[in-house]
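Colleague: Could you take me through one part of this structure, the second largest pocket, slowly enough for a first-year student? I would like to know which element gives the largest share of its lining.

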Amino acid sequence: MIFRQLFDDVSSTYTYVLADEVCKQALVIDPVFSRARRDLALLDELGLELALVVDTHAHADHITAAWLLKQKTGCRIASAKAIGAKYVDDYLEDGQRFGVDGVRMKAIATPGHTDGCMSYVLEDQSMVFTGDALLIRGCGRSDFQQGNAHKLFESITQRLFALPDDCLVYPAHDYNGRNVSSIGEEKAFNARVGAGANETDFVEYMMAMKLPHPKLIDEAVPANLRSGCPQDGKLPEEPDWADIHLSYGGVPEVDHEWLEHHMGEVTVLDVRLDEEIKETPAAGVLIDVQIPLDQLRDRVAELPTDKPIVALCRSGRRSAMAVNILREKGFDRVASLSRGLLSVSGH
């Protein structure tokens, strides 16, 4: 199975990508709206087709990318029936089995943080995605959005702790740099509910917590009840000067075919060394400016500002760095030629 754990450092949210290596259909758990382009870039680079997006609950700290990913890929959206969110294709109930070709999961209702919290366990019980119900050495708060410490204690101890001890725990968040635990570890060491804590221990602990109100709750929860769809129902604006795609490394790129048809509309910047250009001219590509990468920071004033800039090199690695340098210097319409001159016939 293909498995990736992605992180949003603004909301400390984990997003998970799971796919079968043969079938190539992917499901994504808890995607973040502002990270959708990153997630799509990863799926593209891995050759995966996004078939399903699943949220563990209606988040209060970020907006889900479920609706946005559906618009981009045609995937289906799944979430707990108890949430009642709009634009959902598959409303999940406790015990329901779901997934994509090669990756099958079971939904486990784990209310307490919110009424609509669900955890998702792989059929072989090797991994469980616990949302905010069970965190690494902690758990979700229970003081807002239908929170109930008694329900949360039961969800953790009766539902999640019933899984095998070696089942890996992947939560929706972590604020201390931890990325995975196990059911056995949490039974033994969880600061709130582990090591034999009873319901009174847990409830009193949770009641004594005094946490600040989530900063984005008034914006995030209504949006997440729409599966992340903006109020105006419009897709976010994207660069309109080129057919830009974002690499998983975060670099805006154009392909050779696009450049070939729009060469007069952009400034083509070659960042190769002088000797490379002499040995291997950029056949079929009209170079407007040539500045070796190691000189670019000091020579950006030589670049015209009336057109977007497409940087290129032999493989696309140095031009990716050139794009980063240009963005640091205030250029906003910039892109790298994907795979560089290796994408051009004859190189």
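Modeller: The largest share of that lining comes from α1, with five residues. At least two residues each are supplied by α1 (36-45), α2 (66-73) and β15 (245-246); these names follow DSSP runs numbered from the N terminus, with helices (H or I) of at least four residues and strands (E) of at least two. This is a predicted model, where local features need pLDDT of at least 70 and side-chain atom pairs count only at pLDDT 80 or more, while totals for chains, interfaces and linings use all residues. Residues are numbered from 1 along each chain as its sequence is written, and side-chain values use heavy atoms, leaving out hydrogens and water.

Now to the space itself. The second largest pocket holds about 300 Å³, a volume being the space filled by probe spheres set on grid points joined across faces, edges and corners. On a 1 Å grid over the protein atoms alone, a pocket is an open set of points where a 1.4 Å probe fits, with protein on both sides within 12 Å along at least five of seven lines; lining residues have an atom within 4 Å of a point. Here 13 residues line the pocket, and the closest to its centre are Arg37, Leu40, Ala41, His245 and Leu246.

By class, the lining has six charged, four nonpolar and three polar residues. Asp, Glu, Lys and Arg count as charged; Ala, Val, Leu, Ile, Met, Phe, Trp, Tyr, Cys and Pro as nonpolar; and the others, Gly among them, as polar.

For context, the largest pocket has about 820 Å³ of space. Its lining divides into 16 nonpolar, 10 polar and 10 charged residues.
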